[in-house]
Amino acid sequence: MKRIFCGFLACLSALLCLASCGAQTQPLADYANENPKPLSLLQVHDGALVNEAGETVILNGVNLGNWMLMETWMSFVPEYTEDWGYYDTLDVLNERFGAEQTAALVEAYEENFITEADIAQIERLGFNCVRVPFWYRNFMREDGAFLTENPDDNPGFRRLDWLVDTCERHGIYVILDLHGAPGGQSMNHCTGKAGRNELYENEARMQQTVALWETIAARYRDSKAVAAYDLLNEPQNNGGYTGDYAWAAESEEAVRRTNEAYDTLYRAVRAVDPDHVISFEGVWSTTVLPDPREKGYENLLYQLHLYDDTRGMVRYRVNELKDARKNLGVAVLVGEYNNHEKEAYAQRKYRSADINRVKWTYKTFNAGEQWGIFNKDVERIDIRTVSYEALLDFFENELATDTFAFNAEETARITN
């Protein structure tokens with residue numbers, strides 16, 4: 001079987017020069033990578049992602065975090081509370097400006113935070129995949145009703161359509177990541193609102209999630225640019241929270257409920273789309289995920305997120321992924337990673353083990369230089385007092401990536 005290593009093909013000498021010189025500008029002119037085109041529907045065979053020509057494809061990607069679901073810690077919004085989420089931000093904007101003007105602000109933000117120039121940049125940097133975090137509110141009201149009767153008019157689907165089409169032109173696969181399910185699949189604020197984790201107890205919330213995934217699968221079942229459906233981001237990420245649903249991530253109760261939810265969602269998607277890869281996340285470990293052969297599951301990509309910054313833990317998790325691939329026949333993915341000072345070491349381990357991986361994240365505000373490939377420090381904007389006009393002006397004029405600093409040092413860790 002011919003093997004395609006779709007990693008960084010950018011000019012390493014130019015990149016190392018950027019790193020040593022501390023360059024902080026958008027480096028489009030310094031990279032000339034071109035991804036293979038056209039893209040091909042991926043399938044899982046013997047633990048590998050394989051295209052229609054029978055070639056193994058290794059995904060080496062970057063997350064588009066903070067775009068369709070804003071995470072306050074790496075945004076321009078103050079952290080009014082420790083768990084302030086996008087839900088809370090939208091509540092303030094709706095109360096101050098009304099639904100119509102809030103929708104206009106959201107559209108301006110999304111239009112300018114990620115553009116085709118960014119997708120071209122991602123290609124030139126050598127990535128062949130993006131993972132796009134979204135949440136139910138991109139498509140639905142809080143009561144679970146879709147924003148429009150016709151999906152073609154739905155702002156969430158229009159945004160994903162644009163991304164999938166644009167990425168396909170640039171030879172970039174897309175992982176569709178439900179970062180925030182109705183009611184929340186964990187207590188963590190990255191779901192959009194902290195402290196809920198209602199998905200597993202509330203049948204109405206589960207049926208809303210089923211309806212969302214059925215609609216997504218029906219819309220993209222013929223797309224060769226979609227690499228995988230990532231059904232639930234970080235389920236049971238409940239560390240540090242208390243309450244009735246704050247089960248510890250790898251406890252018997254959390255594992256049972258999560259795998260029951262996966263079974264429901266897997267079967268709903270498969271009834272609509274029998275062909276695309278489906279990803280289950282174990283959050284920090286794949287050992288909590290079921291043996292797919294016992295469940296009749298096919299075409300699975302098992303995923304964990306790896307933020308460890310010691311050699312021992314990086315080795316441990318990589319070996320765990322290798323075991324899952326060998327023993328369960330699933331493909332494996334590090335769906336988010338940032339290994340800080342051990343980034344270069346982790347990259348060597350990922351590459352030597354043929355691990356699919358997606359960096360967190362492409363661009364950030366106010367999050368420290370190691371979190372984004374592009375970063376920008378700004379004075380946080382008090383959304384409780386700022387005028388509509390000032391906020392709209394910020395979205396229209398301060399979000400372009402060429403106004404962000406290129407993190408050459410961190411990028412060198414990834415490519416070295």
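Across this structure, which is a predicted model, the program-computed contacts include 26 salt bridges. Side chains of opposite charge can pair when their charged atoms come close. The points below take up three of these pairs and one network, with attention to where the partners sit and how far they are open to the surroundings.

**A pair within one helix**
- In helix α6, which spans residues 252–272, Arg-267 and Asp-263 stand 4 residues apart, about one turn of the helix.
- The side chains of Arg-267 and Asp-263 form a salt bridge with an N to O distance of 3.0 Å, and Arg-267 itself is partly exposed, its relative accessible area being 40%.

**A buried pair between two elements**
- Glu-343 and Lys-359 are joined through their side chains by a salt bridge in which N and O lie 2.3 Å apart.
- This pair connects distant parts of the chain, since Glu-343 belongs to helix α9 (residues 343–352) while Lys-359 belongs to strand β12 (residues 356–359), with their positions 16 residues apart in the numbering.
- Glu-343 and Lys-359 are both buried, which places each of them under 20% relative accessible area.

**A network of shared partners**
- Arg-131, Asp-177, Asp-230, Glu-281 and Glu-336 are drawn into one network by salt bridges that have partners in common.

**A further pair**
- Glu-142 and Arg-137 also meet side chain to side chain in a salt bridge, at 3.1 Å from N to O.
- Glu-142 counts as partly exposed because its relative accessible area is 24%, a value that falls between the 20% and 50% limits.

Terms used
Residues are numbered from 1 along each chain as its sequence is written. This is a predicted model: local features need pLDDT of at least 70, side-chain atom pairs count only at pLDDT 80 or more; totals for chains, interfaces and linings use all residues. Side-chain values use heavy atoms; hydrogens and water are left out. A salt bridge is a side-chain nitrogen of Lys or Arg within 4 Å of a carboxyl oxygen of Asp or Glu. Buried means under 20% relative accessible area, exposed over 50%, partly exposed in between (1.4 Å probe, protein chains only).
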